[in-house]
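Student: Could you take me through one part of this structure slowly, namely the sheet and the way its strands are joined?

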Amino acid sequence: MASTPMMPLNADGSAPVAPPLPGTDMTSICFRDQLWLNTYPLDRNLVFDYFALSPFYDWTCNNEQLRARAIHPLDFSHISKMTGMEYTLSEVMEPNLFVIRKQKRDSPEKVTPMLTYYILDGSIYQAPQLCNVFAARLGRALYHISKAFGTASSKLEKIGYVESENDSQASETKPAKEAIDFKELKRVDHILASLQRKLPPVPPPPPFPEGFAPPSTSEPSENQQPETQPPPSDPIIDQGPSKRMKV
C-alpha cells in the first residue's frame, strides 16, 4: 500500500506541536496543501495521510499508533480493538468529497461522535456543530422578528397620532368615532397581551459540548442604554467554505 511520508520531527528532535484543546473552534479556517495534491492522488487510501498534515489532526489518536506500526490508519479490524480517540472515514465521493468523523471509542460497539471534518476539492474544513447552527439560526430569526415588531409599533403610533389630530380638527359631530378608535386600539392591545401570555416561555439554548468555553459577554452599565445588536453570524451562511481563512 502506498503512503505518504510521515510528518518529520522538529529540528531539536521533539514531537510535533500538540493539537488544540478540546472545544477549540476552528470552523473559520481551512487547510490546503497544493504541493501534496500535485504529488499524490486524493483517494480513500491516501486521504488520511493528507488529513494528518492539517492543524485539525490530533497526533494522540489511535490512528497514529497504527501508522507507526505500518498499518493503514483506517483499518477497522485493528482500530475497533482499541479504545480512545480515533478518526473514521464516514462518507466518500471520490475524488471531490471525503467526510472524516472524530469519535471516542469505549468498546468495539460503543463510540461517541465528537467532531466532523470534510475535504472538499482538496480543502479541509471543520464542520460547525449542530448546537451552534441552531443557536445562530434562532438568534437571527429573533432579531428580524424583534425588528419587525419595532417597525410595526412605530408606524401604528404615527397613524394614531395623525388620526387624533384630524379628529380634533373635525366637527363636533364626530366624537363618537374617536372613542370607537380608542376602544379598538385597546381591544387589539388586549388580544396581543393575551396571546403573549399563552405562548410558552423561550426554551433554553442547547448545552455546549464538553470542554467548549463560550465567549464572554460584557453586560451594559446602568446608564448605558441597550442598542439593537446585529444578528449573530451563521456558521454555514456567514462562515462557509468560500469565506474561511486558509492556512
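Tutor: What follows is a walk through the sheet, strand by strand.

This is a predicted model, in which local features need pLDDT of at least 70, side-chain atom pairs count only at pLDDT 80 or more, and totals for chains, interfaces and linings use all residues. Residues are numbered from 1 along each chain as its sequence is written, and side-chain values use heavy atoms, with hydrogens and water left out.

The sheet is open and has 6 strands in the order β2-β3-β4-β5-β1-β6, with mixed pairing; a strand here is a DSSP run of E, at least two residues, numbered from the N terminus, and two strands pair if DSSP finds at least two bridges between them. Because β2 and β6 (245–246) stand at the edges with a single partner strand each, one side of each is left without a neighbour in the sheet. In general, strands of a sheet pair through backbone hydrogen bonds, either parallel or antiparallel.

Starting from the β2 edge, strand β2 (residues 84–93) pairs with strand β3 (residues 97–105) in the antiparallel sense over 9 bridges, and Thr-88 stands opposite Arg-101 in β3. These two strands, β2 and β3, form a hairpin with 3 residues between them. On from there, β3 is joined by 9 bridges to strand β4 (residues 111–120), again running antiparallel, with Leu-97 having Leu-120 in β4 as its bridge partner; β3 and β4 also form a hairpin, with 5 residues between them.

Further along the order, strand β1 (residues 29–31) and strand β5 (residues 123–126) run antiparallel and are joined by 2 bridges, and here Phe-31 stands opposite Ile-124 in β5.

Conventions:
Helix = DSSP H or I, 4+ residues; strand = E, 2+ residues; numbered from the N terminus.
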